[in-house]
Number of protein chains: 2
Amino acid sequence: MEDTRWLTDEEQQVWRRLVHLVTVLPAALDAQLQRDARLTHFEYLVLAILSETPGRSRRMTDLAGLVNGSQSRLSHLVGRLERRGLIHRERSTEDRRGSVAVLTEAGWAAVVAAAPGHVAHVRSLVFDQLTPEQVRQLGDTLAAMLDRIAPADSCPGPTNPC
Amino acid sequence: MEDTRWLTDEEQQVWRRLVHLVTVLPAALDAQLQRDARLTHFEYLVLAILSETPGRSRRMTDLAGLVNGSQSRLSHLVGRLERRGLIHRERSTEDRRGSVAVLTEAGWAAVVAAAPGHVAHVRSLVFDQLTPEQVRQLGDTLAAMLDRIAPADSCPGPTNPC
């Protein structure tokens, strides 16, 4: 314990704020989307990614990487969206063992309906509070942290760079 | 939808990074603490707060606010820690309807044993990646976001300012 580099008072305060943010932000995102679109933020993310993909479809394994979720969590979620008619699953034509999630017309309509309210909420929670310089700095700071916490293939590009 | 102020490319990238961070950081914190101390990060937070409080005890209602958790989530967690002998619950002497969580000697020993490894992990994930200027800016940026997302009483001071 002699060698422990304890956090300074400033670092401790920043750390508490960061822990606070990672606790309250997901709940705030879920609350708006649940209320206005009957979707969790994780469900919305999956639909939004499919809506931005040519063919509106993705292999399940790729989707799990893009939303930083486990395969089993994603399977449950896609099952729920499938029962609501927002997604359907097909066998992959390239890889017979793989499965592909495809956005349905109803799923597309759900994203189109939910997106403006979600973006307005994200603006009001985050970007409206920050100067352009703070946004730029935050981007650099997040990139530096993510390089360490979730390097390489957990955030694939080029269609979803992060 | 005509009025929607969609995110710019830069804002979209920053937003994806932030969503990525709030997904992977809790999992990274849990992984180290589970491996080295058989505690989730949320459990560690509760023990750490109690260890820093005079009398090593807190009303359950105050604890829920300090860790930004719901009463029911906290009750489950405290129940688990109680079965492991790290905490015990007492009736509040001030408020007979209220309940107080008290850190046991074993709980104190668990925090003391876990803290150095946890701090080293937090340093390696976050602070070692950032310059002092970035840490300062991150603190300001997080404060601005939290003012909007979780204002006022969800983050009580002065013992746990955030």
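Me: Is Asp62(B) buried, partly exposed or exposed?

Reply: The model is predicted. Asp62(B) has a relative accessibility of 34%. The partly exposed class runs between the buried limit of 20% and the exposed limit of 50%. Asp62(B) therefore counts as partly exposed.

Me: Which side chain meets Asp62(B) in a salt bridge?

Reply: The pair is joined N to O at 4.0 Å. The partner is partly exposed, with a relative accessible area of 27%. The side chain that meets Asp62(B) is Arg59(B).

Me: Which residues does the network of salt bridges that share partners join?

Reply: The salt bridges here share partners, and that links them into one network. The residues joined are Glu133(A), Arg136(A) and Asp140(A).

Me: How many residues apart in sequence are the parts that Arg56(A) and Glu105(A) tie together?

Reply: Arg56(A) and Glu105(A) form a salt bridge, with the closest N and O atoms 3.5 Å apart. Arg56(A) lies in the loop between helix H2 (41-52) and strand E1 (57-59) of chain A, while Glu105(A) lies in helix H5 (residues 105-125) of chain A. The pair therefore ties together parts whose separation in sequence is 49 residues.

Me: Is Glu105(A) buried or exposed?

Reply: Its salt-bridge partner Arg56(A) is partly exposed, at 26% relative accessibility. Glu105(A) has a relative accessible area of 59%. The cut-off for exposed is over 50%, so Glu105(A) is exposed.

Me: How far apart are the closest N and O atoms of Arg35(A) and Asp36(A)?

Reply: Arg35(A) is exposed at 62% relative accessibility. Asp36(A) is partly exposed at 49%. The two form a salt bridge, and the closest N and O atoms are apart by 3.0 Å.

Definitions and conventions. Residues are numbered from 1 along each chain as its sequence is written. Chains are lettered from A and ligands numbered from 1 in the order in which they are written. This is a predicted model: local features need pLDDT of at least 70, side-chain atom pairs count only at pLDDT 80 or more; totals for chains, interfaces and linings use all residues. Side-chain values use heavy atoms; hydrogens and water are left out. Buried means under 20% relative accessible area, exposed over 50%, partly exposed in between (1.4 Å probe, protein chains only). Helices (H or I, at least four residues) and strands (E, at least two) are DSSP runs, numbered from the N terminus.
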